[in-house]
Amino acid sequence: MGLTNQSSGINVLRERFNVKSNLEQPVIALAGNPNTGKSTVFNALTGLNQHTGNWPGKTVLQAQGTFSYKGVEYRLVDLPGTYSLLANSAEEEVARDFIYFGNPDVTVVVGDATCLERNLNLVYQIMEITPKWIFCLNLMDEAKRKKVYINIEKLSEKLGIPVIPTVARKEEGLTDLKEAIAGMVRGELTTRPRLVRYDREIEEALDYLVPRLSSVIGERYNLRWLALKLLDGDQQIINHLQAQFSN
Ligand SMILES: Nc1nc2c(ncn2[C@@H]2O[C@H](COP(=O)(O)OP(=O)(O)OP(=O)(O)O)[C@@H](O)[C@H]2O)c(=O)[nH]1
Ligand SMILES: [Mg+2]
């Protein structure tokens, strides 16, 4: 078992999702609730440099494309819209598995500024999976029209994550989004996500499990999240680990 072979590479893992990239091409995932403008952001950034297919083994549409910004080419993967990442549907499973096992360099969560609260469920779930994410708060024009005012700085401070307001349909804010993506890929833009703390018994079980997982799996993955899923008895995750580490 190549459990500790970190260098065997994240690219091999991504290829299982039909996402091929090299070290010079950072991979950016677009996630978010349905109908928040993910595909509009995707199309605005990638233009004609895109193709569609299906996620391996699923009838869920997969769109991938590339865009360049300041001399770096990025691979952008448009994930299906989901309200949660509990893998209760093929869409949720695809989104969750790619964000976790595909280990994107940055995940951009596209949110709807007219109903911020509805987006926070997904936001907190993403936060548990990865610290490498940006909140793109889209539909700012609609929010303005509905007289919804959002204090972007305060939201960013509360979440510990960069928040970029956009009107994707008019391509407003997309340069700021690209700048944030580039900054995060370079490691210059960092985050301080506010993680959920669980009851004492669960936190103690996590303290027990995480170092043990680390000695088997290494540090490639966010082991706190993995431990939470194992405590949950999540069979899909167990199957995934077996498939991934059995060769
Ligand atoms: N007013 C306004 N409309 C937008 C904006 N961004 C996207 N839209 C519109 O919102 C609708 C949904 O956009 P999509 O990009 O398809 O949303 P999506 O998140 O990809 O949707 P799913 O893939 O179905 O989850 C489309 O009619 C877009 O034109 C925006 O910033 N302002
Ligand atoms: Mg879409």
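Angles from 65 to 115 degrees between two axes count as roughly perpendicular. Keep that range in mind as we look at a pair of helices in this structure, which is a predicted model.

**Two packed helices**

Two packed helices are described by the angle between their axes and the distance between the axes. Here, helix α8 covers residues 200-217 and helix α9 covers residues 223-231. They pack at an angle of about 115°, and their axes are 9 Å apart. Helices α8 and α9 are therefore roughly perpendicular to each other. The crossing in which α8 passes α9 is right-handed.

**Around ligand 1**

Now let us turn to the ligand. Ligand 1 is surrounded by 15 residues, and the closest are Gly37, Lys38, Ser39, Thr40 and Asp141. By class, this shell has seven polar, four charged and four nonpolar residues.

Three residues have polar atoms close to oxygen atoms of ligand 1, as the table shows.

| Residue | Atom in the residue | Distance to an oxygen atom of ligand 1 |
|---|---|---|
| Threonine 36 | polar backbone atom | 3.0 Å |
| Threonine 40 | polar side-chain atom | 2.5 Å |
| Leucine 139 | backbone N or O atom | 3.4 Å |

On its own, ligand 1 has 650 Å² of accessible area, and the protein covers 73% of it. Which elements give two or more residues to the shell around ligand 1? They are α2 (38-46) and α5 (140-145). Of the elements, α2 gives the most to this shell, with three residues.

Methods. Residues numbered from 1 in each chain as written. Chains lettered and ligands numbered in written order. Predicted model: local features only at pLDDT ≥ 70, side-chain atom pairs only at ≥ 80, totals over all residues. Heavy atoms only, no water. Near = heavy atom within 4 Å. Polar contact = N/O pair within 3.5 Å; in protein donor to acceptor, adjacent residues only side chain to side chain. Areas by Shrake-Rupley, 256 points an atom, 1.4 Å probe, with all protein chains shown as cover. Helix = DSSP H or I, 4+ residues; strand = E, 2+ residues; numbered from the N terminus. Nonpolar A, V, L, I, M, F, W, Y, C, P; charged D, E, K, R; others polar. Axes fitted to C-alpha atoms, helices over the stretch in contact; angles between N-to-C directions. Parallel < 35°, antiparallel > 145°, perpendicular 65-115°, else oblique. Left-handed = near helix turned anticlockwise from the far one by under 90°.
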